Amino acid sequence: RTAFAKAHADGFRSIAIVLMHGYRHSAHEAVLAAMAREAGFTQVSVSHEVGPLIKLTGRGDTSVADAYLSPVLRRYIDRLEGALGKGPRALFMQSSGGLTASNAFQGKDAILSGPAGGIVGMAGTAGEAGIDRIIGFDMGGTSTDVSHYAGHYERDNEARVAGVRIRAPMMRIHTVAAGGGSV
């Protein structure tokens, strides 16, 4: 409790909680999460909720990425939904290629959501043209994303994105740090 209070007093509002065997025995992580919330943390990413998988380092990296990204994502979603009012409900593209409601959308699921949406659009467009095998090439300003579709979406459950190991379902996308604006 003292460490949580000090971290909060130092200005931290987001925390990742990762214990060695939390993927299987989640009770201790749950107790720590409750204590962190009591201390005032507004984002608590708990490894057994973020990615209940064995392998401490990958689960930890994913939880830290989620703790870092989720507050930023939440602010964006709240502004968007505020602007929409009680009208249409927004759905959000996940890195896995699926859509989800705003309350279920987490930072770890948004990392490759843009390129994943590109693959879904590419596959749908190709399908309308009668093509079931296609290579996607998506060049932006700083990077290029390459993907493959041969009648089904190719997914991974672990990937490195910007050098960070992420253990979450995501489309298989190969990114090269060379885009249209790169020299």
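The following exercises, each with a worked solution, concern a predicted model of one protein chain.

Residues are numbered from 1 along each chain as its sequence is written, and side-chain values use heavy atoms, with hydrogens and water left out. Because the model is predicted, local features need pLDDT of at least 70 and side-chain atom pairs count only at pLDDT 80 or more, while totals for chains, interfaces and linings use all residues.

**Exercise 1. Describe the chain as a whole.**

Step 1. Five helices and 11 strands occur in the chain; helices (H or I, at least four residues) and strands (E, at least two) are DSSP runs, numbered from the N terminus.

Step 2. The C-alpha trace spans about 60 × 40 × 35 Å along its principal axes.

Step 3. Of the 183 residues, 36% are buried, where buried means under 20% relative accessible area, exposed over 50%, and partly exposed in between (1.4 Å probe, protein chains only).

Step 4. Among contacts (heavy atoms within 4.5 Å) with a separation of 6 or more, 57% join residues 24 or more positions apart.

**Exercise 2. Determine whether Ser113 is buried or exposed, and describe its surroundings.**

Step 1. Ser113 belongs to helix H5, residues 113–128.

Step 2. Ser113 counts as buried because its relative accessibility is 17%.

Step 3. A polar atom of the Ser113 side chain lies 3.0 Å from the backbone oxygen of Ala110.

Step 4. With residues up to four places away in sequence not counted, Ser113 touches Met93, Gln94 and Ser95.

**Exercise 3. Determine whether Lys55 is buried or exposed, and describe its backbone.**

Step 1. Lys55 is found in the loop between H3 and H4.

Step 2. Although Lys55 is not a glycine, it has a positive phi of about 85°.

Step 3. Lys55 counts as exposed because its relative accessibility is 54%.

**Exercise 4. Characterise the largest pocket and its lining.**

Step 1. The largest pocket holds about 170 Å³ of space. On a 1 Å grid over the protein atoms alone, a pocket is an open set of points where a 1.4 Å probe fits, with protein on both sides within 12 Å along at least five of seven lines; lining residues have an atom within 4 Å of a point.

Step 2. The lining comprises 14 residues, of which Gln43, Asp66, Ser70, Phe105 and Gln106 are the closest to the pocket centre.

Step 3. Strand E2 (43–46), helix H3 (47–50) and helix H4 (56–84) are the elements that each give two or more residues to this lining.

Key:
Grid points are joined across faces, edges and corners, and a volume is the space filled by probe spheres set on the points. A polar contact is a pair of N or O atoms within 3.5 Å; within protein, one must be able to donate a hydrogen and the other to accept it, and residues adjacent in sequence count only if both atoms are side-chain atoms.
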